[in-house]
Amino acid sequence: MLSEKMNEALNVQANRELYSSYLYLSMSYYFESINMKGFAHWMRLQAGEELVHTMKMLDYVAGRGGRAEMLAVEAPQLSWASPLQAFQHVWDHERVVTGLINSLVRVAESEKDEAAKDFLQWYVKEQVEEEESSDNVLNKAKAAGDNKAALEAADRELGERHFKFPRGFEIFPYAGFAKIER
Ligand code: FEO
């Protein structure tokens, strides 16, 4: 059984994961609006991945006999000055999320909840990957700079991204959204 404090902290983090999904979906439609369909595709998959992070956490709360609660989701930014600014935002955002996950591990420690601490290691590892992929896309945007041909090449490259949804999420509706017409 989860303590009240642990239950609440997990619900709050699930909400931040859902906000991440909303933020990346917002970026996806921003990229679509400037006709960068590969970047839009990458962001759409990222939004789907964040929804998995959300539901995995809520499933855990429910599975431990806690109460998964849907908190209000903050509205994300709608537009960015350039692809570089959007990818810089991803980079910054993922560092914030890493800090939140680390704080959540501290809550599990203070609540002496070894099971929650063990569960959260999945997110600790996931953040290493999330930071790495945000480095990767930011570097591509930086290297392209204002060069239109280089940006189009990066757009094509990110349009090739695939994401295998984890077990239990195979019929995830976002999986069908991943296809883009090129
Ligand atoms: Fe779920 Fe990108 O952090």
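A residue counts as partly exposed when its relative accessible area falls between the buried class, under 20%, and the exposed class, over 50%. Gly-99 fits that middle class, because its relative accessible area is 32%. The residue sits in helix H3. Its C-alpha lies 9.8 Å from that of Val-124, and the two residues are 25 places apart in sequence. All of this describes a predicted model.

Stay on H3 and turn to Trp-91, which is also found in this helix. Trp-91 is partly exposed, because its relative accessible area is 27%. Setting aside residues up to four places away in sequence, Trp-91 touches Ser-134, Asp-135 and Leu-138. One of these partners, Asp-135, makes a polar contact with it, side chain to side chain, at 2.7 Å. Leu-138 is 47 residues away along the chain from Trp-91, yet their C-alpha atoms are separated by 7.0 Å.

Now to the helix packing. Two packed helices are described by the angle between their axes and the distance between the axes. Helix H2 is the one to follow here. It covers residues 37-63.

Begin with H1, residues 4-33, and its packing on H2. Their axes come within 8 Å and cross at roughly 165°. Angles over 145 degrees count as roughly antiparallel, and H1 and H2 are therefore roughly antiparallel to each other. H1 passes H2 in a left-handed crossing. By class, this contact has 17 nonpolar, nine polar and five charged residues.

Next comes H3, residues 83-110, against H2. Here the angle is about 15° and the axes are 13 Å apart. Angles under 35 degrees count as roughly parallel, so H2 and H3 are roughly parallel to each other. H2 passes H3 in a left-handed crossing. On the H2 side, the residues that meet H3 are Phe-39, Met-43, Gln-46, Glu-50 and Met-57. On the H3 side, they are Pro-83, Phe-87, Val-90, Glu-94 and Leu-104. By class, this contact has seven nonpolar, one polar and two charged residues.

The next partner is H4, residues 114-144. The axes of H2 and H4 come within 12 Å and cross at roughly 170°. That makes H2 roughly antiparallel to H4. H2 contributes Trp-42, Gln-46, Glu-49, Glu-50, His-53, Lys-56, Met-57 and Tyr-60 to this contact. Among the H4 residues they meet are Phe-119, Trp-122, Tyr-123, Glu-126 and Glu-130. Ten nonpolar, three polar and five charged residues make up the contact of H2 with H4.

One H2 residue deserves a closer look. Gln-46 meets H3, and Gln-46 is also among the H2 residues that meet H4. Is Gln-46 buried or exposed? Gln-46 is buried, because its relative accessible area is 2% and the cut-off for buried is under 20%. Which residues beyond its sequence neighbours within four places is Gln-46 in contact with? They are Tyr-24, Glu-94, Glu-130 and Arg-161. With Glu-130, the side chain of Gln-46 forms a polar contact of 3.1 Å.

H2 also holds a residue with another setting. Gly-63 is found in this helix. Gly-63 counts as exposed, because its relative accessibility is 67% and the class begins over 50%. Its C-alpha lies 42 Å from that of Ala-154, with the two positions 91 residues apart in sequence numbering.

Finally, look at the loops. Asn-35 lies in the loop between H1 and H2. Its phi is near 60°, a positive value in a residue other than glycine. Asn-35 is exposed, with a relative accessible area of 58%. Move on to the loop between H3 and H4, and Lys-112 is there. Lys-112 has a positive phi of about 55°, although it is not a glycine. At 71% relative accessibility, Lys-112 counts as exposed.

Terms used:
Residues are numbered from 1 along each chain as its sequence is written. This is a predicted model: local features need pLDDT of at least 70, side-chain atom pairs count only at pLDDT 80 or more; totals for chains, interfaces and linings use all residues. Side-chain values use heavy atoms; hydrogens and water are left out. Helices (H or I, at least four residues) and strands (E, at least two) are DSSP runs, numbered from the N terminus. Buried means under 20% relative accessible area, exposed over 50%, partly exposed in between (1.4 Å probe, protein chains only). A polar contact is a pair of N or O atoms within 3.5 Å; within protein, one must be able to donate a hydrogen and the other to accept it, and residues adjacent in sequence count only if both atoms are side-chain atoms. Contact means heavy atoms within 4.5 Å. Axes are lines fitted to C-alpha atoms, for helices over the stretch in contact, and angles run from 0 to 180 degrees between N-to-C directions. Angles under 35 degrees count as roughly parallel, over 145 as roughly antiparallel, 65 to 115 as roughly perpendicular and the rest as oblique. A crossing is left-handed if the near helix is turned anticlockwise from the far one by less than a right angle, and right-handed if clockwise. Ala, Val, Leu, Ile, Met, Phe, Trp, Tyr, Cys and Pro count as nonpolar, Asp, Glu, Lys and Arg as charged, and the others, Gly among them, as polar.
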